[in-house]
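New to this one? Here's a quick briefing to get you oriented before you start turning the model around.

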Amino acid sequence: MDDRLKTFLDARLNADVSRRRFIQGAAGLSALTVLGVSEPAFAALGGELNFLGWDGEHGGNVAKAFLETNKIKMNASFQSAADEALTRFNTGGRGAMDILTPNKDFQTAILKSGTELFQPLDLARIPTASGLFPAFKDAPWLVKDGKTYGIPIIWGDEPCVYNPKKWDAMPAKYTDFADAKYKGELVLLDDPFGNIWLWAKSLDMPEPNRLTAAQLQQVLEAMLKVKPNVVTIGASHGDMADVLVRGDASIGIGGWAYQVMIAKDKGVELTVGSPSVDGTFFWSDAYAIAVDAPNLDNAYAFIDFMTKPESNAALASELASGCTVEAAFGLMKEDIRGMFPYDNVRAPGGGILGTQIVVPPQEPDGEVVGAPSWVEAWQTFKAS
């Protein structure tokens, strides 16, 4: 593996937040992009382009030549929470925002609520989007009333990571981890949203991201049955990897495929898998254009450029994520593209990504509790 890529991945491995709380990309890795992505100059372009999204998804390296050639000045600022773009839009940012990078759960919530933030896209101005994997064409979290509001740029999942010498496969359901045979074998990620969602799904909650107080209590009780089997709760994927490599635990729940590569470098065999019935959860981020964007031509040209196979491959490699453009797959190094189950995005109709919403409402919605209640339940779990 390229040493620069490994350094970048190691830094991300040890980040102390998860994508459900802050769906972060990462700082760009200088000089990583070696695909020679470039673009001829367009007479209509030039001036500024205002970006607000996850750090790294502005394509600081990938888009550098495109921006310079077309005399576009990228004004990039980075969000630390999924709803920050909406807050800025409603507090003086309208008319000053161009490119946004919402995750699928946040974009779903915005489109369902009818809240003004994203404008429908003219796909004729983004011809490269025709090359997206089937799951990302007309994806249900991007389309409303026949109009498309985003172009997916990266995606990923968070499976279980386990020792294949000790376990042939993962159990059918996450609730099965309460079995005494898993005592002293489990390490979890310190992530209230991901863990509660997984156990709610395992309990067959109709909408595992929308729980009443009674349902949340039921989930907590199910998780507490697993707690005696938990060795520790890792603050990061790096902490989880260290525990697994040391052999202090043999199964990491809510893991990252890169942990397998880390372990291999240290002479330890790990593999990825998920409960056969419950599966795992997936995430995806997209480029969107804000309502009343002031630099519309630049925004469309930027998205079209970043959706070229070479650009998408370079960005996905930089951010250790799955590519969204089908032709980009063959341009990525095998160790990066092998980190994610691409069969899921080769399925039409959004695939499994279209059926999942992991993040709970920020505020209570009738009997449905908000995110603070999930965090409180998680703290109870950790303290028990």
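What follows is a short tour of the cores, the cysteines and the main pocket. Keep in mind that this is a predicted model.

**The nonpolar cores**
- The largest nonpolar core has 58 residues, and I99, Y287 and F302 are the ones with the most contacts inside it.
- Plenty of elements chip in: among those that each supply at least two residues of this core are strand 1 (47-53), strand 12 (282-289) and helix 10 (309-318).
- Helix 9 gives the largest share of this core, with seven residues.
- Apart from this core lies another one, made of 34 residues, including L198, L216, I251 and I253.
- Zoom in on I99 and, leaving aside neighbours within four places in sequence, you'll find it in contact with L49, N50, F51, L52, Y287, A288, I289, A299, F302 and I303.

**The cysteines**
- The disulfide count comes to zero.
- C160 is buried, at a relative accessible area of 0%, and C323 is buried with a value of 0% too.

**The largest pocket**
- The largest pocket holds about 1,100 Å³ of space.
- Its lining takes in 46 residues, and D105, A109, N209, I357 and V359 lie nearest the centre.
- That lining splits into 25 nonpolar, nine polar and twelve charged residues.
- Helix 4 (104-113), strand 4 (143-144), helix 5 (192-202) and helix 12 (371-383) each supply at least two lining residues.
- Helix 4 brings the largest share of the lining, nine residues.

Key: Residues are numbered from 1 along each chain as its sequence is written. This is a predicted model: local features need pLDDT of at least 70, side-chain atom pairs count only at pLDDT 80 or more; totals for chains, interfaces and linings use all residues. Side-chain values use heavy atoms; hydrogens and water are left out. A nonpolar core is a set of buried Ala, Val, Leu, Ile, Met, Phe, Trp, Tyr and Cys residues joined through side-chain atoms within 4.5 Å. Buried means under 20% relative accessible area, exposed over 50%, partly exposed in between (1.4 Å probe, protein chains only). Helices (H or I, at least four residues) and strands (E, at least two) are DSSP runs, numbered from the N terminus. Contact means heavy atoms within 4.5 Å. A disulfide is a pair of cysteine sulfur atoms within 2.5 Å. On a 1 Å grid over the protein atoms alone, a cavity is a set of points where a 1.4 Å probe fits but cannot get out, and a pocket is an open set with protein on both sides within 12 Å along at least five of seven lines; lining residues have an atom within 4 Å of a point. Grid points are joined across faces, edges and corners, and a volume is the space filled by probe spheres set on the points. Ala, Val, Leu, Ile, Met, Phe, Trp, Tyr, Cys and Pro count as nonpolar, Asp, Glu, Lys and Arg as charged, and the others, Gly among them, as polar.
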